[in-house]
Amino acid sequence: MARAVTNQRKMINTAAAWIIGLLIFFPILWTMLTSFKSEAQAIADPPIFLFFEWTTENYSTVMERSNYGRFLWNSIFIAGGSTILGIIIAIPAAWSMAFVPSKRTKDILLWMLSTKMLPAVGVLYPIYLLFIQFGLLDNVYGLTFVLMLINLPIIVWMLYTYFREIPGEILEAARMDGATLRDEILYVLTPMAIPGIASTLLLNFILAWNEAFWTLNLTAAKAAPLTAFIASYSSPEGLFYAKLSAASTMAIAPILILGWFSQKQLVRGLTFGAVK
């Protein structure tokens with residue numbers, strides 16, 4: 001039997017969840033508020049929280065100084081392209097490890113995970129030389145490929161975990177009905193793993209969107225995404241906190257919108273499934 005939960009316990013859990021959520025969101029909220037301050041108000045001591053003269057001058061300056069649309073498109077292309085390409089490669093790999101394992105499968109998985117422990121700067125020099133050799137510096141396609149390789153171990157691990165939860169008998173039944181390997185992956189396995197694939201897509205899109213090390217070292221102007229756009233407001237003359245906050249807010253706004261939309265779709269899907 002399920003353990004009864006008192007109203008007092010529910011209230012405590014709800015309050016704790018709200019407090020933790022606000023603590024996590026507070027840095028984003030502070031950045032957004034700072035973007036509406038003047039530079040003098042942004043560095044005021046003690047800090048000013050809400051009661052200040054709101055201004056949109058920082059956003060006007062950022063829009064005049066930088067081509068925000070180009071940076072935004074580069075981020076969407078690089079993050080979306082690397083995630084989709086990684087999913088296309090990872091689904092067959094995770095399928096083979098989950099349903100046709102060998103005695104070396106666990107070793108391969110651990111080896112793939114161990115590559116994430118290598119500091120990025122340790123492979124910067126060879127990758128930089130390869131990019132020079134193949135003419136891929138400041139190229140969105142080259143950066144997309146690199147980010148796909150960086151996040152591929154996480155994609156494979158996540159999909160492998162989800163695929164392991166699917167009973168193998170379902171795939172065997174599909175084979176008995178004459179399904180080919182392609183049909184088995186596309187029409188049987190993939191639809192059943194849609195929640196896991198969607199979670200993997202969202203997580204890796206955010207990881208690629210937030211990647212700064214490779215974007216700052218492998219791009220200059222043409223392929224620079226929003227991470228380079230934010231870094232451009234850290235100059236030798238000093239940090240312009242208000243303008244930097246405005247640029248950061250413009251960079252995180254698409255992710256906040258995507259997260260809100262994904263949450264709405266998830267709730268709608270769960271509600272539909274419960275009603276059905």
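**Exercise 1. Determine how many residues the largest nonpolar core has and which elements supply them.**

*Solution.* In this predicted model, the largest nonpolar core has 29 residues. Step one is to find its centre of contacts: W214, L226 and F229 have the most contacts inside this core. Step two is to list the elements that give two or more residues to the core: α3 (57-65), α4, α6 (124-134), α7, α10 (194-210), α11 (213-218), α12 (226-231) and α13 (241-275). Step three is to find the largest share, which is 6 residues and comes from α13. Another core, of 25 residues, lies apart from this one; A94, A98, L152 and F163 are among its residues.

**Exercise 2. State which residues L226 is in contact with, leaving aside its neighbours within four places in sequence.**

*Solution.* With those neighbours set aside, the partners of L226 are Y68, F71, L72, S75, W209 and A251. L226 is also one of the residues with the most contacts inside the largest core.

**Exercise 3. Classify the packing of helix α4 against helix α7.**

*Solution.* First, identify the helices: α4 covers residues 68-99 and α7 covers residues 140-164. Their axes are 6 Å apart and meet at an angle of about 40°. Next, classify the angle: roughly parallel requires under 35 degrees, and roughly perpendicular requires 65 to 115. The angle of about 40° therefore makes α4 oblique to α7. The crossing of α4 past α7 is right-handed. Finally, the residues of this contact divide into 24 nonpolar, 5 polar and 1 charged.

**Exercise 4. Decide whether G86 is buried or exposed, and state which residues it is in contact with.**

*Solution.* G86 belongs to helix α4. Its relative accessibility is 0%, so G86 counts as buried, the limit being under 20%. Beyond its neighbours within four places in sequence, G86 is in contact with M148, L152 and I155. A distance can be added: the C-alpha atoms of G86 and T144 are 10.0 Å apart in space, while the two residues are 58 residues apart in sequence.

**Exercise 5. Describe the surroundings of T200 and F205 in helix α10.**

*Solution.* Begin with T200, which lies in α10. T200 has a relative accessible area of 0% and is therefore buried. With neighbours within four places in sequence left aside, T200 is in contact with I87, I155, M158, L159 and Y162.

Continue with F205, which also lies in α10. Its relative accessible area is 17%, so F205 is buried, since the limit is under 20%. Not counting residues up to four places away in sequence, F205 touches I76, A79, G80, T83, I255 and L258. For T83, the C-alpha separation from F205 is 5.8 Å, although the two are 122 residues apart along the chain.

**Exercise 6. Identify the peptide bond of D45 and P46, and the sign of phi at D138.**

*Solution.* The bond joining D45 and P46 is cis, with omega about 5°. P46 lies in the loop between α2 (39-42) and α3. For D138, phi is near 55°, a positive value in a residue other than glycine. Most residues other than glycine have a negative phi, and most peptide bonds are trans. D138 is located in the loop between α6 and α7. With 16% relative accessibility, D138 counts as buried.

Key: Residues are numbered from 1 along each chain as its sequence is written. This is a predicted model: local features need pLDDT of at least 70, side-chain atom pairs count only at pLDDT 80 or more; totals for chains, interfaces and linings use all residues. Side-chain values use heavy atoms; hydrogens and water are left out. Axes are lines fitted to C-alpha atoms, for helices over the stretch in contact, and angles run from 0 to 180 degrees between N-to-C directions. Helices (H or I, at least four residues) and strands (E, at least two) are DSSP runs, numbered from the N terminus. Angles under 35 degrees count as roughly parallel, over 145 as roughly antiparallel, 65 to 115 as roughly perpendicular and the rest as oblique. A crossing is left-handed if the near helix is turned anticlockwise from the far one by less than a right angle, and right-handed if clockwise. Ala, Val, Leu, Ile, Met, Phe, Trp, Tyr, Cys and Pro count as nonpolar, Asp, Glu, Lys and Arg as charged, and the others, Gly among them, as polar. A nonpolar core is a set of buried Ala, Val, Leu, Ile, Met, Phe, Trp, Tyr and Cys residues joined through side-chain atoms within 4.5 Å. Buried means under 20% relative accessible area, exposed over 50%, partly exposed in between (1.4 Å probe, protein chains only). Contact means heavy atoms within 4.5 Å.
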